[in-house]
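Me: I would like to go through the terms used for this model one by one, and to see what each rests on.

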Amino acid sequence: MRGRRVWQDLMAVTELEKGDVTPAKLGSREFAIYDTVDGIRVSLARCTHGAANLCDGYFDGKFIECPLHQGLFDARSGEAKAAPARKSLFMIENRIIDGMIQVYI
Amino acid sequence: MGNQLRRESQHNQPVLTPITQAMQDGALSRRELKQLMTRSNLPGLIHLFGFALTLICTGSLIWLASGTWWMVPAMFVHGIVWVHHFALQHECVHYTAFRTRWLNEVIGNYCGFAILLPNRFFRYEHCDHHTYTQLHGKDPELIELPISLRKYLWTISSIPYWKQKFIEIFAHARGRFSPIEEKFVPKEDRRSLVIEARVMLALFGAIVTFCIGTNWWGPLFYWWLPLFLGEPVMRIIRMTEHVGRPHIRDMKENTRTNLVSWPMRFLAWNMNYHAEHHYASSVPFHALPKLHRKLEGFVHIERRGYLGAHIDILSQICTRSKKPL
């Protein structure tokens, strides 16, 4: 069964920081939940450049900026948009069921 | 996908950033932090206008003194202002001078050109300075505590600084990077840094050629001589940020905030609040005084300002030189 993915509850929509990025954890894994202009998106929380927690970064509804080196990612697609960030964010498939954000991991 | 997720989770070992540390310490809440991070173009544009106006005023002093020996002090005063292009460039490197990202790029590149510090290269170098602040062999901007008064004055003279900068730019233009630079400059982006160094050298070459061809030496008297005359002041200021502070990771200890007068804060784009800046480098310059009030007690503050920091540095040099070998 190892490696088999299932939908798991991550956080209730009501707990989200509106228009911002909210940290969440499942076991030891850290996630960043973005309340973007295009809807909810979820990624692994760590910057692909320097491993800082993106949940502490500046988010404008579309782009998330790393709090350590100000690398930039598109939170809707995960694409790295500005140096020093080069590698895209690892985005997690998500859905909302009965007010609960679920991730497919 | 599951295996990939596991690999990604393991590959990216978490880094405890100062900003996360500050929230864990209870120094400030996430909401306060987010508020402080809010970007705006207006404060930066107003500040830029004031900075440009100051440069015009000090430049006018040179013009008024032209043909007399008063030109030397006038160029020095203009140079003190000119070298503070660094403070603006530093703010642009963090994308915190303006809300609009491309404005930070454009103004950052202009500042880099004004003080011979290629912007893209500086961004990479500065990243590692923030990751490894004050750590030997890892912080590329680390300035060692001078071992003697002679070395202290040598550092302030800016001769070692300029020597390093000229070596750097010519090496980069030839596609060469030092082992320490190879650690922070990604392979994929080295080409762009080579081009950046070549473009900067070509532009300087073109200006020098133009000056020789037309026998018009404006850039020499309003730009290059003031830059070299003023740089020791920037060395004095840059030394106050970390020199003499412990070589440890703890942001509460390894960085110094200096309380200075309003004109110096203005020129430095509030970078005298240096410990606060290291705590949360995403906080724009105009919000640093507010962050300073929030972090009171959490960071090292030198209340006597730049002078006090140098008294501290000099006393450490004297204490060290009196120690028996």
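The exchange below takes up chain A and then a pair of helices in chain B.

Reply: This is a predicted model, in which local features need pLDDT of at least 70 and side-chain atom pairs count only at pLDDT 80 or more, while totals for chains, interfaces and linings use all residues. Residues are numbered from 1 along each chain as its sequence is written, and chains are lettered from A and ligands numbered from 1 in the order in which they are written.

Me: What makes up chain A, in helices and strands?

Reply: Chain A has zero helices and 11 strands, where helices (H or I, at least four residues) and strands (E, at least two) are DSSP runs numbered from the N terminus.

Me: Why is chain A called as compact as a globular protein of that length?

Reply: The globule rule (2.2 Å times the number of residues to the power 0.38) is set against a radius of gyration taken over C-alpha atoms; for 105 residues the rule gives 13 Å, and chain A has a value of 13 Å, close to it, so chain A is as compact as a globular protein of that length.

Me: Why are α9(B) and α13(B) called oblique to each other?

Reply: The axes, which are lines fitted to C-alpha atoms over the stretch in contact, with angles from 0 to 180 degrees between N-to-C directions, come within 7 Å and cross at roughly 120°. Angles under 35 degrees count as roughly parallel, over 145 as roughly antiparallel, 65 to 115 as roughly perpendicular and the rest as oblique, and therefore α9(B) and α13(B) are oblique.

Me: Which residues of α9(B) meet α13(B)?

Reply: B:Thr155, B:Ile156 and B:Ser157 meet B:Pro232, B:Arg235, B:Ile236 and B:Met239, a contact being C-beta atoms, placed from the backbone, within 7 Å.

Key:
Contact = placed C-beta atoms within 7 Å.
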